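Biologist: I would like to learn how to read a model like this one, feature by feature. Could you take me through it?

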Amino acid sequence: MSGGAQHRAGAWLKCPQCLNDRFYVMEAGGGHTYFQVDAAGRLFTTRHPRKELSGLDTSDIHCTACGWRGALKKLVP
Ligand SMILES: [Zn+2]
């Protein structure tokens with residue numbers, strides 16, 4: 001790995017229900033945007049190269065593993 005800001009493994013915030021660390025939001029067009037959330041609450045795409053997301057509505061995010069749904073601030077370290 002080289003270049004850009006890297007994140008320590010395990011530094012992502014997790015689902016309060018199943019501790020999965022991947023989430024998505026529904027897009028207006030019907031698609032999904034997948035992301036992970038770092039300890040500072042910043043959103044990054046799960047694709048490489050990672051891209052920081054901005055302007056997403058994080059009041060209603062979905063866990064990709066268990067179906068939990070809620071606000072970004074409910075995630076746990
Ligand atoms: Zn979950």
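Modeller: Happy to; we will go from the strands to the core and then to some backbone details. Please keep in mind that this is a predicted model.

Biologist: Let's begin with the elements. How many helices and strands are there in the chain?

Modeller: The chain has 0 helices and 6 strands. Along the sequence the pattern reads β-β-β-β-β-β.

Biologist: And what is the order of the strands in the sheet?

Modeller: The general idea comes first: strands of a sheet pair through backbone hydrogen bonds, either parallel or antiparallel. Here the 6 strands form an open sheet in the order β4-β3-β2-β1-β5-β6, and the pairing is antiparallel. The edges are taken by β4 (52-53) and β6 (69-70); each has a single partner strand, so one side of each lacks a neighbour in the sheet.

Biologist: Which residues stand opposite each other where β1 and β2 pair?

Modeller: One such pair is M26 with H32 in β2. The two strands, β1 and β2, are antiparallel and share 4 bridges. They form a hairpin with 5 residues between them, and G30 in that turn has a positive phi of about 100°.

Biologist: What joins β1 to β5?

Modeller: There are 2 bridges between β1 and β5, again antiparallel, and Y24 has H62 in β5 as its bridge partner. Strand β5 (residues 61-63) is also joined to β6 by 2 antiparallel bridges. In that pairing, I61 is matched with G70 in β6.

Biologist: Now the interior. Which residues make up the largest nonpolar core?

Modeller: It has 9 residues: L13, C15, F23, F35, V37, L43, I61, C63 and L75. The elements giving two or more residues to this core are β2 (32-37) and β5. For the chain as a whole, buried residues make up 13% of the 77 residues.

Biologist: Let's take F23 as an example. Is F23 buried or exposed?

Modeller: The way to read this is to count C-beta atoms around the residue, with 20 or more others within 10 Å meaning buried. F23 has 28 other C-beta atoms within 10 Å, so F23 is buried. F23 lies in strand β1 (residues 23-26). Leaving out residues up to four places away in sequence, F23 touches F35, V37, I61, H62, C63 and T64. With T64 the sequence separation is 41 residues, yet the C-alpha atoms are 5.3 Å apart.

Biologist: What is L43 in contact with, beyond its neighbours within four places in sequence?

Modeller: L43 contacts F35, V37, E52, L53 and L56. Just before it comes R42, in the loop between β2 and β3 (43-45). R42 has 15 other C-beta atoms within 10 Å, which makes R42 partly exposed. The C-alpha atoms of R42 and L53 are separated by 7.7 Å, with their positions 11 residues apart along the chain.

Biologist: Last, the backbone. Where should I look for something out of the ordinary?

Modeller: As a guide, most residues other than glycine have a negative phi, and most peptide bonds are trans. In this model, L19 has a phi near 65°, a positive value in a residue other than glycine. L19 sits in the segment before β1 and is exposed, with 12 other C-beta atoms within 10 Å. For the peptide bonds, look at H48 and P49: the bond joining them is cis, with omega about 0°. P49 is in the loop between β3 and β4.

Note on methods: Residues numbered from 1 in each chain as written. Predicted model: local features only at pLDDT ≥ 70, side-chain atom pairs only at ≥ 80, totals over all residues. Pairing = 2+ DSSP bridges. Core = buried A, V, L, I, M, F, W, Y, C linked by C-beta atoms within 7 Å. Contact = placed C-beta atoms within 7 Å.
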